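Biologist: I have a model open and would like to walk through it with you. Could you keep the cut-offs explicit as we go?

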Amino acid sequence: MGLGGCIILIAVGAILTFATDWDMQGVNLDLVGIILMIVGLIGVTTFSSIARRRRVVVPPTTTQVVDDPAAHHRTRDGYSDGYGL
């Protein structure tokens, strides 16, 4: 159940608890509304703790540039690389 489902549970529970005056035989709608709100709050806290664990930031690694001294001392005569043929 995602965050939207949890918010819907809280809203339906609040509507059943505070906005209705229905009387059903054998069912206490106020208690059902309170239970739905509690389940929605538990879902929101669980979802937020899982989402917080997913957002672990890994520090970027720095690249190392290795200077090859042999690369600077090559001589090019213009013929050995194929252009002077």
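Biologist: Let me start in the middle: in which helix does Gly43 lie?

Modeller: Gly43 lies in helix 2, where a helix is a DSSP run of H or I with at least four residues, a strand is a run of E with at least two, and both are numbered from the N terminus. Before going on, I should say that this is a predicted model, in which local features need pLDDT of at least 70 and side-chain atom pairs count only at pLDDT 80 or more, while totals for chains, interfaces and linings use all residues. Residues are numbered from 1 along each chain as its sequence is written, and side-chain values use heavy atoms, with hydrogens and water left out.

Biologist: Is Gly43 buried or exposed?

Modeller: Gly43 is buried, at a relative accessible area of 13%; buried means under 20% relative accessible area, exposed over 50%, and partly exposed in between, with a 1.4 Å probe and protein chains only. Its C-alpha atom is separated by 9.8 Å from that of Ile10, and the two residues are 33 apart along the chain.

Biologist: How many helices and strands are there overall?

Modeller: The secondary structure comes to three helices and zero strands, which reads along the sequence as α-α-α.

Biologist: And how confident is the predictor, on average?

Modeller: The mean pLDDT, which is the predictor's confidence in each residue from 0 to 100, is 81 for the protein, and 71% of the residues reach 70 or more. Confidence is highest in helix 1, at a mean of 93, and lowest in helix 3 (residues 69-72), at 60.

Biologist: Let's look at helix 1 then. What is its span from first C-alpha to last?

Modeller: Helix 1 has 17 residues and reaches 23 Å, close to the 24 Å expected at 1.5 Å a residue, the expected span being 1.5 Å times one less than the number of residues.

Biologist: Which residues of helix 1 are buried?

Modeller: They are Cys6, Leu9, Gly13, Leu16 and Thr17. Seen down the axis of helix 1, these buried residues fall within an arc of 95 degrees, so they line one face of the helix; the arc is taken over the directions from the helix axis to the C-beta atoms. On the other side of helix 1, Ile8, Phe18 and Ala19 are exposed.

Biologist: Why would that spacing give a face at all?

Modeller: An α-helix has 3.6 residues a turn, so residues three or four places apart point the same way.

Biologist: What does Leu16 touch, leaving out residues up to four places away?

Modeller: With contact meaning heavy atoms within 4.5 Å, Leu16 touches Leu29, Asp30, Val32, Gly33 and Leu36. Leu16 is buried at 15% relative accessible area, and its C-alpha atom is separated by 6.2 Å from that of Asp30, a residue 14 away along the chain.

Biologist: Then Thr17, next door. Which contacts does Thr17 have beyond four places in sequence?

Modeller: Thr17 is in contact with Asp30, Gly33, Ile34 and Met37, and Thr17 is buried as well, at 13%. Two polar contacts involve its side chain, a polar contact being a pair of N or O atoms within 3.5 Å in which, within protein, one must be able to donate a hydrogen and the other to accept it, and residues adjacent in sequence count only if both atoms are side-chain atoms. A polar atom of the Thr17 side chain lies 3.4 Å from the backbone oxygen of Asp30, and the side chain of Thr17 also reaches the backbone nitrogen of Ile34 at 3.3 Å.

Biologist: Where is Thr20 placed?

Modeller: Thr20 sits in the loop between helix 1 and helix 2 (29-54), and a polar atom of its side chain lies 2.8 Å from the backbone oxygen of Leu16. Thr20 counts as buried, at 19% relative accessible area.

Biologist: One last thing: what share of the protein is buried?

Modeller: Buried residues make up 14% of the 85 residues.
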